[in-house]
Amino acid sequence: MTPHRVELPPPAKRLVLFVADGLRADKIYEPYHNTTSGQAEELAPFLLHKLRTEASWGVSHTRVPTESRPGHVAAIAGFYEDVSAVTKGWKMNPVEFDSVFNESRHTWSFGSPDILPMFAHGASDSSRVDTFMYGAEFEDFSGNGDRLDTWVFDRAHRFLEDAASRPQLREMMHQDQVVFFFHLLGIDTNGHGFKPYSQEYLNNIRHVDRGIQRLVASLDSFYGNDGQTAYVFTADHGMHDRGVHGDGHPDNTRTPLIAWGAGVARTDPLAPGKTAPGHDAFSRGWNLDQYERKDVNQADIAPLMTSLLGLNYPLNSVGTLPLSYLNTSREYRARSALANAQQVLEQYRVKHDQKLHTEMFFKPYAPLHRPDNLPDHMLDRIEQAIAAQRYDDAETECLKLVDLCLKGLRYFQRYDWLLLRSIVSAGYLGWIAHSLLYILREYVLSLAVSPRSARTRPIALLGLFVFAVFAAMFYRQGSPAMYYVYVAFPVYFWTDVLLQLPLIQQIAAAFSQTATRWRPVVFTATYVGILEALVYAYFDRRVYSIAFALLAVVWPLLVPPKVRRDRPGLLGMWAGLCLLTSVFTLLPVERNNHLGLVIAGGSLITLSGLAAWNYSAQFTLPPPGVSSKQAQHAVALDRLAILAQTLLVGVATVLGPLTSTETARRGALPRLNQLACWTVLIVSTVLPFVHSAVFGRSARDQHYLYRLVTIYLAFATPFVLLTISYESLFYFAYSAVLFLWLAIERALYHEQAEKQLLAPVHKTRLSQLASSDLSPRRLGINDMRTGIMFLFFVNVAFFGTGNVASLASFSLESVYRLITVFDPFAMSALLLFKIFIPFFLVSAVFGVLNRSLELPPFSLFLFVLSTTDVMTVNFFFLVRDDGSWLDIGMSISHFCISGLFVLFTIVLFVLSHALVGKVLIPTASSLKPKQR
């Protein structure tokens, strides 16, 4: 692409960019009501003074993901990187890109090692960008983050002092088109560590304001107050009250923008009592109504800085130059708008030409092919208007051209949407049909030989022909390799479905001859209805509370009368614990640190562990073929293992809050506490896997209750360590409900099974994966209930204490007892580990339940796996790329979570076998001799 710039003298020789990482717009603009003095005060008096006297200002609207790297790329390079790029590296952008720094004559940057190297390494001449960074160990969330900003300001002042005694450096700094970039990470650090309403966060804003005031004075003095310096102050993203960011919540997407100095227009105030343009409910109460609020998109900041310095516009910039921020000659402003339009047009033309040369049935973007909107004609009209000094007309035409080009770019980005959506939808529906036919054939119907169509070859050739047609089209269009994968799936699945037409005919015939045809229809309709309710639950967690209430009241009424008579205590506990668990999905996902709830939850888990230890003699089995003394010794060791795990939970219950308290008191994570937390977490976590491996080698088979108790306690310890509020209470209630669900399902499968939960060895039979002596039964219509219950509990694990559709709903404060120095991958790994712990437990319980019901090992998992794509299809069509960034981000997150559920279900299946291993389970078959 050809770069474009304004061939006129620019208004500024140099530009200073301040980025206050993690600063919300409202926190700097609105008055702070000091509860001590009772007075309203400004947190940033210097910046607000500039706003009122010589600046243009507004709100810069960011896009998801609201993270540091994408935010800086948008502001400095002018383009929004793909959301998925965050997964390809936290600090370095995965693709090469042009930026204001790259186009400058020289850039000096000061700040964090997480941000500065990205722009230095991405420069066409690496010597053009100098970086001054503190060490990564400085980014410690346990202390006050303003020390990071202090380091930046002090280093900048030393740099100016050095320049006074170094003629070569001084000469470089006095050249035109130079940039100074100051990345101020303290506000973000304090927002994560203490929340954005804390005194640490608010005081850091004051600290930044004072630091900028001193630095601006030093820079102006260094340059002899020549009036040729432009200043821009903004933020990369905001901060939610939970102390997190990343999603599209307005607190994360609204950031401040204040620009002043050379080439920047001053905002003249209106008369008192009048409201200037641009204000809305968000800025009401800021006491800035007299001053026009000029909002921009974050990518618009890059062309603004480019215009002020007279640089080439970054090649990939999609920002629109905010003309109202400029105080230049009318011609310079108009030509800046023209250069901006030409640069965006270059990108449009590249996309247009790519599609033109590859698409078989190319359809251009119609609005730019109308006679009055042809780009060349529009450029001619702009040039003529500038030549005739009709600058307003030229600017209007430039803005129109930029808008059309941006819409054209979006048109080409979505060019294949209809085709791809159709192919992907066919793939999902084909998978559902294919997997359901497999389940019916293998696990429901009793068929000696699987019926296949006699026309195998024609059907296979038809599938091959369809794939070849699409492949030829994709090859002609130069489509990505994934397009071939997209079309391969529906072709394979639907070809296989057609090959099984005789089976479908058999199923239809058997159904027509069934006396109670309404029963499977009602069950299926109810199942699909529940799936749709679970879709809605992604948007409103209260659905789970309603579901728990129904399970508490309705299910005990629907069980057989004999079970109600024999097990009133079990059903009563089920109702009570379901109602208790229903409370958690009514609670807000925003959680402050509440050590009392942490201790309460940990104490309940510890007490439940002691109760299990007390009764463990009834479900702890000795090794077979040993003496009585050896058996007693083995049982004692097994019971000691439960007691040890319980004590670890107790230690975590005390150690976690103690570490938080000590960290807050000292301003740093105590090394001894950190070591103790890591030790307790690792020891407790590896116990179930070591336990399974040891008993697997020695061929000892544990009672399933013993195994589930050890898993429950093993993961309780890290969960309590990573808890900051009511999460441990949820873990206790959720686990209890899972155990009761297992007991009720076993009782329903065989009324005698519940009475044999603590059956001795000679009344049990070995239940293990791929056991040759088992004769699994067929899936029945009632097993649909078990499948949907499993799916329900998996979703509750997703949304019980937060919203997994956004990791931002889970506070990073959870990991501060283990690590406080900023490490995004380590912190995210710990946070994900905490989120996945309930899944470990539900997978283990479901693994035992699948064996208790004497079903083929993968049958129920496969049933759930195949039917959940009904939800995925829903979310696929709910994905949007317009509207608020919160809606866009959530729609993408929901689809990704639902789409990955297939893989996640397989992982849960493997995990259930890894955790449960070889266990002894009383089954219906083992009880038949007794019945006889």
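Select helix α8 and colour it by burial: in this predicted model, G186, I187, D188, T189, N190, G191, H192 and G193 are the buried residues of the helix. Helix α8 covers residues 186-194, and because 8 of its 9 residues are buried, the helix is largely enclosed by the rest of the structure. To see what surrounds it, add β1 (14-20), α6 (146-165), β7 (178-184) and α9 to the selection, since these are the elements against which the buried residues of α8 pack. Then step just past the end of α8 to K195, where phi is positive, at about 85°.

Keep α9 in view and bring in helix α2. Helix α2 (residues 45-53) packs with helix α9 (residues 199-222) at an angle of about 65°, and the two axes are 7 Å apart. To display the contact, show P45, F46 and L47 on the α2 side, together with D209, I212, Q213 and V216 on the α9 side. Sorted by class, the residues of this contact comprise 5 nonpolar, 1 polar and 1 charged.

From there, move to the peptide bond between V64 and P65, which is cis, with omega at about 0°. The proline of this pair, P65, belongs to the loop that runs between β4 (55-61) and α3 (68-77). As background for this stop and for two that follow, most residues other than glycine have a negative phi, and most peptide bonds are trans.

Next select D26, which sits in helix α1 (residues 25-29). Is D26 buried or exposed? Its relative accessibility is 11%, so D26 counts as buried under the 20% cut-off. Showing side chains here brings up a polar contact of 2.9 Å between D26 and R24, and, once residues up to four places away in sequence are set aside, D26 also touches F282 and W286.

Continue to N287, whose phi is near 60°, a positive value in a residue that is not glycine. N287 is found in the loop between β9 (254-261) and β10 (296-297), and its relative accessible area of 56% is why N287 counts as exposed.

A second non-glycine residue with positive phi is E854, at about 55°. Select the loop between α30 (824-852) and α31 (859-867) to find E854. Here the relative accessibility is 7%, and E854 therefore counts as buried.

Follow the chain into helix α31 and stop at S859, which lies in that helix. With a relative accessibility of 0%, S859 counts as buried. What does S859 contact, leaving aside its neighbours within four places in sequence? Display Y443, L779 and N850, which are the residues in contact with S859 on that basis. It is also worth drawing a distance from S859 to G787: the pair is separated by 72 residues in sequence, while the C-alpha atoms are 9.8 Å apart in space.

For another such pair, go to A387 in helix α13 (residues 375-387). A387 is exposed, with a relative accessible area of 64%. Its C-alpha is 9.1 Å from that of E331, and the two residues are 56 apart in sequence.

The last local stop is a pair of packed helices, for which the description rests on two quantities: two packed helices are described by the angle between their axes and the distance between the axes. Select α23 (residues 568-582) and α28 (residues 727-749), which pack at about 145° with their axes 9 Å apart; the crossing of α23 and α28 is left-handed. The contact is made on one side by L570, L571, M573, W574, L577, C578, L580 and T581 of α23, and on the other by F730, A733, Y734, A736, V737, L740, W741, A743 and I744 of α28. In this contact of α23 with α28, 16 residues are nonpolar and 1 is polar, with no charged residues.

Finally, clear the selection and look at the whole protein, which has 35 helices and 13 strands. Of its 932 residues, 55% count as buried. Among the contacts in the protein with a separation of 6 or more, 78% are between residues 24 or more positions apart. A surface display would show about 38,200 Å² exposed by the protein, with carbon and sulfur atoms supplying 61% of that area.

Key: Residues numbered from 1 in each chain as written. Predicted model: local features only at pLDDT ≥ 70, side-chain atom pairs only at ≥ 80, totals over all residues. Heavy atoms only, no water. Axes fitted to C-alpha atoms, helices over the stretch in contact; angles between N-to-C directions. Helix = DSSP H or I, 4+ residues; strand = E, 2+ residues; numbered from the N terminus. Left-handed = near helix turned anticlockwise from the far one by under 90°. Contact = heavy atoms within 4.5 Å. Nonpolar A, V, L, I, M, F, W, Y, C, P; charged D, E, K, R; others polar. Buried < 20%, exposed > 50% of the residue type's maximum accessible area, 1.4 Å probe, protein only. Polar contact = N/O pair within 3.5 Å; in protein donor to acceptor, adjacent residues only side chain to side chain. Areas by Shrake-Rupley, 256 points an atom, 1.4 Å probe, with all protein chains shown as cover.
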